[in-house]
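Reader: I am new to this structure, and I would be grateful for a careful, close look at one part of it, namely the packing of nonpolar side chains.

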Amino acid sequence: MSEAVYDVVIVGSGPGGYVAAVRAGQLGLRTAIVEAGPMGGVCLNVGCIPTKALLHSADLLDEVKEGKRFGVMVEGVSFDLAGAMKHKNAVVKASSDGVNFLMKKNKIEVVTGWATLTGRGQVHVKLNAGGERTLQAKHILVATGAQPRPFPGVPFDHTRVLSSTDALGLSAVPQSFMSIGAGAIGIEFASMYRAFGAEVTVVEALPRIVPNEDEEVSAELVKAFQRRGIKTMAGARVEGIDTSGEHVVVSVTGTDGKTTAITVEKLLVAIGILPNTKDIGLEAAGVTLDQRGFITTDGYMRAADGIYAVGDCVAATPWLAHKASAEGILAIEHLAGLHVTPIDYGKIAACTYCSPEIASVGLTEAKAKEQGYEVKVGKFPFSANGKARVLGQNRFGFIKIVADKQYDEILGVHMIGPRVTEMISEGGLALTHEATGESMLQTIHAHPTLYEAIGEAAHALVHGAAIHI
Ligand code: NAD
């Protein structure tokens, strides 16, 4: 029986692929999505969603322990990892079910199996249920994502040397936990396992933790982590990892040149990701991979004639779920012939859900200077914010706005503190609308809120000083 020709066949159902499928369905395109694993990809199953579920348990635990301060007496607080995992699993299941619902609603055909590009407009699928199919497509959209990168020469053993996926499934809180890498993944797990009771160390090769963030944010996080008992070693070199004993021994050379052997029960390797682009027929189909195997595309996500690529498998763009979704929508609208504009990657917000939280969008102060801007900065600490005081979360954190001194244009907004991941939207809006310090100042912020701190930082930016400090 000859197969129908799809307008688009999407390979991978993460936030790049499934969102693209929904958009394709909305535009009336005949669409199939091929997925070998559970619907929703890394983000829903072993990434963004489950980590945030566990981090919520961590935050709640910390808050309950502080109850007395607020007159809430809770005796004998203890933590049940199995309970936290149960909540996490329920959230994952509901999210994945939600994706299946969206596929049905938008008349997307879900093909469960392993896809390989086998010729122009052809996707071969080895079905999970047995057998195979070849799908004919006018367009193919590759959204195959990425996987955790192992430490060179030390494969994940999934019990002591862990990937982020492994770290989401521990059956007991380890006595000691180390993350190699202090990007979003390393920092979030460090924050989580510390709240759960582990001794935690974070080792970062670059001179500071969360190295993509503004320098002042990194420094504030070090202070906050120190108070929480998390040890951070930045500018450190991992000399070796010995897995021959019961525990893992990591030899680390610090900035003082001294090498220390640190023994840990669980070692998380969070040093970035590898693209899922091998052996799926991409090169034969005319797709170009960069040196590290990521797919190169143009601004409309075209990777080759009739082939688009989006998400973590794409080169030279941030690895973020919301970026993948935006690219998925862009690619579909482009292939459907709609008028579209390439994504401005400099205006995508990034959030890290550690305690305290971090969120940022646009240029850091240093990057803005590097790009030749004469910069002005407005800053406001949560220590002077009434709502943060109400919440008892005023010890650490601030809002920092970076602007061009000449034209007052907002270049970047950087936040560390309570619930800032929910507040960065104002920064994103400011950047996409080319807001100025003056226009942010004229946006009157409600009282008492945490986000008043943004208005205060804008006041400091424009007038050289905030009101409440
Ligand atoms: P990352 O690139 O953000 O961080 C990896 C860190 O490891 C870097 O700081 C790097 O300098 C360091 N590193 C590399 N090799 C090292 C070594 N040998 N020794 C010590 N440090 C070393 O990658 P990640 O944290 O693994 O996360 C993967 C991707 O997923 C990232 O792009 C991240 O932004 C994304 N992610 C986002 C979120 C979020 O938005 N909240 C959460 C998790 C992951």
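Author: Two residues are in contact when they have heavy atoms within 4.5 Å of each other. The model is predicted, with local features needing pLDDT of at least 70 and side-chain atom pairs counting only at pLDDT 80 or more, while totals for chains, interfaces and linings use all residues. Residues are numbered from 1 along each chain as its sequence is written, and side-chain values use heavy atoms, leaving out hydrogens and water.

By that measure Ile332, setting aside residues up to four places away in sequence, touches Val8, Ile10, Ala20, Arg23, Ala24, Leu27, Leu29 and Leu141. Ile332 belongs to the largest nonpolar core (buried Ala, Val, Leu, Ile, Met, Phe, Trp, Tyr and Cys residues joined through side-chain atoms within 4.5 Å; buried is under 20% relative accessible area, exposed over 50%, partly exposed in between, with a 1.4 Å probe and protein chains only). This core holds 50 residues, and those touching the most other members are Met103, Leu135, Leu141, Val142 and Ile332; Leu141 is also among the contacts of Ile332. The element that gives the most to the core is helix H1, residues 17-26, with 6 residues. Apart from this core lies another, of 35 residues, with Phe177, Met192, Val202 and Phe225 among them.

As for the wider setting, an unreviewed UniProt entry lists residues 6-328 as "domain: FAD/NAD(P)-binding", an annotation that may be inferred rather than shown by experiment. Over residues 6-328 the chain is 30% helix and 28% strand (DSSP runs of at least four and at least two residues), and the end C-alpha atoms are 17 Å apart.
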